[in-house]
Structure formats: structure tokens, C-alpha cells
Amino acid sequence: MTKTKITVIGSGSWGTAIAILLAGKNENKVTLWTRREDFCKQLQNERENDKYLPGISFPENLSITSDLEKAVSKRDVLVFVVPSHSMRDIGSKVNDLIDNDPLILSASKGIEIDTLKPMSQVLADTLDNYNANTIATLSGPNHAEEVGKGIPSASVIACKKKIVAEKLQSIFITSRFRVYTNPDIVGVEMGGALKNIMALGSGISDGIGFGDNTKAAFMTRGVYEISRLGNKLGARSMTFAGLAGIGDLIVTCTSEHSRNRRAGKMIGKGMALEEITEGTNMVIEGFKTTKAANYLAQKTGTEMPITTEIYNILFNGKSPIEGVNHLMKRVKTDEMEEVVDTNMWRE
Ligand SMILES: NC(=O)C1=CN([C@@H]2O[C@H](COP(=O)(O)OP(=O)(O)OC[C@H]3O[C@@H](n4cnc5c(N)ncnc54)[C@H](O)[C@@H]3O)[C@@H](O)[C@H]2O)C=CC1
Ligand SMILES: O=C(CO)COP(=O)(O)O
């Protein structure tokens, strides 16, 4: 049997969990690429990623390299899982090394600040033989700590080109990781990126000491706000009711695993953003995404009150409590605002 040769680019928690998931299937031959040679040696010797995903052993079928040329050459699939701010750089490096036509998938969640583009579009900019229609994304309620252990999870692979989405679905799906396809890649990527802002908000609410009602309000009004911007960018509303929308929002706003929720909690308790980033080697995408979404809201004329308040708390020195008070005291409005069917009202 010819095995499917897959390289996962990025050895943080999520890249490692994806590599373990894929290597668990006999029909795959998986390589995990890591930036640093010393860390590569550590992973090869220990057969475990003690730094980012401790306690989960690598399957035999998984090899590790820090040689990007070797990692990219003659691959059937390349999975990009680096922090969003390094996607353009790594995409350009990979472009010079591709020597056949692998399927390309981004599993990162973020928006590039300079261009306001989601990750599949950043990759399309950097990979000469691909465009936004042929690149796919994976997104859903998937904490690495649980996927790595084989705890039942579900996710979405989105791509404009159906055959690409379906091939990747077959490669990723297992009895423990159920994968759906979706042609709405804009909605899937925006859902995955923007929910991190709401997770910061839920964490802030927990940090202040507010209750479950507050968190439910953040999540529900949050998904509405995400849909409003997503729709302006061409996404389908129903995508936000799915795994990459409300599904990911629920897990990130409530899970102890979420770095964004944890960071929000620290902010709610009075810690500064710099203190939090300095104290961790993990990526907290929500900080940069809040900046990008705030620009996108201004650019598209979209009202995003939660994003604006989180932005002011993170970057303009507003206190968390003031931010929440501001949201509570906003002008009275209808729940469905501009989409309300006015014919439903009765005198
Ligand atoms: N951790 C999770 O459960 C999930 C994470 N994601 C997304 O996956 C992406 C990667 O996150 P994680 O794997 O969690 O990262 P992580 O926070 O566990 O680790 C960060 C990783 O990024 C690497 N890194 C830092 N700067 C880099 C650079 N300039 N170039 C290349 N690599 C660099 C570090 O060496 C490390 O491997 C993010 O966009 C995140 O939102 C998506 C779904 C689940
Ligand atoms: O995207 C995630 C889960 O689906 C991971 O979220 P955090 O980056 O907040 O841990």
C-alpha cells in the first residue's frame, strides 16, 4: 500500500496533536517539522513533546525533522500550524522548496494584522502554484490536549474546491476525530479567529468574579457579533451556528485548556497584557486578532461593541470593569437589530 506522505509544519501543541492524530492511521506516513535543531533532537530522543503537549507518546509512524527542505520534498499533504504572525514567513520559505503538488491545509486560527487576511489567503499569497480556492483550512472545537489523547472530537475542513476538502476529510477522519466539509472557508476561518476575542471576554468576566449569566451573554452576543462581521466579508450565517462557529466559541469560552480564556481571566484580575505574554511560551492569538478585528470593523463599518471594549481594555488602558459596564449601559436595542423582521411586531 502506498502511504500518504504528510508533513505538519509547526510543533507547538496543536501541530503535535495533529501529527499524532494523523500518524495513528496506518495509511499515513507523517513528519513533524520543528524550527530548532536542539528541540528536534529532544523530540526524537524522548518521543514526546514535553514542552507543549506533555504525557502523550508519539506513534512509531511519526518522524521529526528540523530540515525544512526534507520536510517539504515529495509530500502529498502539507499542514501549516504555526502562529498566525509567522505564517507569511514560513509560507514563503516553503514555496521555494515545494517540488510536487501537495494539498495545502492551514490549521492556525488568526488574522494577519498588516493585510487583515485570514491564514488561507496569506498562504495563497506566498505559494506560487496555489490560490484562495485551492487552499483548505481545518477549524473547530479542538483543544490539542484532548485531540492528542484521542478524546472524541469533531471539526470542519473548508475549501472552495470540493475535491480538495473531501480528500483532506478522508485523510483526517478517524473514529475519534469526526470531520465535516464546508465550502464557506471565509466563515470557518473567521469563526475560528474571532471566537478568541470572545474567549478573552469570558475570561475577563471570570477574572472579575462575575457569573455564568455574564459568560452566556458574552458567548451569545459574541456569536452575533462574529456573524455580523463574517457576513460583511461574504460568510454564510449558518456556518456560525456550526462547529467552527458556536462550537469553537463554546469550547474556548469555557475550557480550562484555553489559553485565550486563561489570559482573559488574568486581565480580569488586573494583570497587564505584557506581563501575560512574557510569562508564557504559548501563543495567545486573541490579542492580535482583537487588533485585526477592530481594524476590520472600522474598515467595513461593522458595529462590534464587544470587540471594541476588549480592544480598549487590552490596548487603551480601560479597566475590565469599566469595559463591562460600558457594554451593559449601551443604548437600548432589539436583539436581532438590523435583521429584525419589523412585520413581527403587533400594536
Ligand atoms: N493549542 C490548541 O489547542 C489549538 C491551537 N490552534 C491554533 O494553532 C496555531 C498554533 O498554535 P499552537 O500549536 O497551540 O502553539 P503553541 O502555543 O502550543 O506553541 C507555539 C509554537 O509556535 C512556534 N513559534 C513561535 N514563533 C514562531 C515563528 N516565528 N515561526 C515558527 N514557529 C514559531 C513555537 O516554537 C511553538 O512551536 C495557533 O494559530 C492556534 O490558534 C488551533 C486549534 C487548537
Ligand atoms: O482554538 C482552540 C480550541 O479550539 C484553542 O484555543 P486557545 O488558543 O484559547 O487555547
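Two residues are in contact here if their C-beta atoms, placed from the backbone, lie within 7 Å. Keep that in mind for what follows, starting with K195. Leaving out residues up to four places away in sequence, K195 touches I226, D248, L249 and T252.

A word on the ground rules. This is a predicted model, in which local features need pLDDT of at least 70, side-chain atom pairs count only at pLDDT 80 or more, and totals for chains, interfaces and linings use all residues. Residues are numbered from 1 along each chain as its sequence is written, while chains are lettered from A and ligands numbered from 1 in the order in which they are written.

**K195 and its helix**

K195 is the residue that the unreviewed UniProt entry annotates as "active site". UniProt positions are given in the numbering used here, with feature names shortened, and such annotations may be inferred rather than shown by experiment. K195 sits in helix α8 (residues 185-208); helices (H or I, at least four residues) and strands (E, at least two) are DSSP runs, numbered from the N terminus. Is K195 buried or exposed? K195 counts as buried because it has 33 C-beta neighbours inside 10 Å. The cut-offs: buried takes 20 or more other C-beta atoms within 10 Å of the residue's own, exposed 12 or fewer, and partly exposed is in between, with C-beta atoms placed from the backbone.

**Two domains and what lies between them**

The chain's domain assignment gives domain 1 (4-183) and domain 2 (186-329), with bounds that come from an automatic or database domain assignment. Their C-alpha centres lie 25 Å apart. Across the boundary, 24 residues of domain 1 are in contact with 26 residues of domain 2. On the domain 1 side, α5 (119-126), β8 (136-139), β9 (153-158) and β10 (177-182) each supply at least two of the touching residues, and β9 gives the most, with four. By class, that side of domain 1 has eleven nonpolar, eleven polar and two charged residues. For the classes, Ala, Val, Leu, Ile, Met, Phe, Trp, Tyr, Cys and Pro count as nonpolar, Asp, Glu, Lys and Arg as charged, and the others, Gly among them, as polar.

Then there's the core. A nonpolar core is a set of buried Ala, Val, Leu, Ile, Met, Phe, Trp, Tyr and Cys residues joined through C-beta atoms within 7 Å. The largest one has 93 residues, of which V8, I9, I18, V79, F80, A136 and I157 touch the most other members. Helix α8 makes the largest share of this core, eleven residues. Domain 1 and domain 2 both give residues to it, so the core lies between them. As for F80, its contacts are I9, G10, M87, I90, S106, A107, S108 and L123, not counting residues up to four places away in sequence.

**Around the two ligands**

A residue is near a ligand if its C-beta atom, placed from the backbone, lies within 6 Å of it. Here are the two shells side by side.

| Ligand | Residues around it | Nearest residues | Classes |
|---|---|---|---|
| Ligand 1 | 24 residues | G12, S13, W14, S86 and M282 | ten nonpolar, eleven polar, three charged |
| Ligand 2 | 14 residues | N142, T252, S258, R259 and N260 | three nonpolar, seven polar, four charged |

The shell around ligand 1 draws at least three residues from each of domain 1 and domain 2, and so does the shell around ligand 2. Helix α1 (residues 13-23) gives the most to the shell around ligand 1, with three residues. That helix is mostly covered: eleven of its eleven residues are buried. For ligand 2, α8, α10 (243-254) and α11 (259-268) each supply at least two shell residues, with α10 giving the most, three.

**Annotated binding positions**

The same unreviewed UniProt entry marks S13, W14, R35, R36, Y52, K109, A144, R259, V283 and E285 as "binding site". These positions span 273 residues of sequence and are also spread in space, up to 23.3 Å between C-alpha atoms.

Take Y52 and A144 from that list. Y52 lies in the loop between β3 (48-49) and β4 (53-57) and is partly exposed because it has 18 other C-beta atoms within 10 Å. A144 lies in helix α6 (residues 144-147) and counts as buried, with 22 C-beta neighbours inside 10 Å. Beyond four places in sequence, Y52 touches G12, S13 and T16, while A144 touches S13, W14, T16, A17 and L53.
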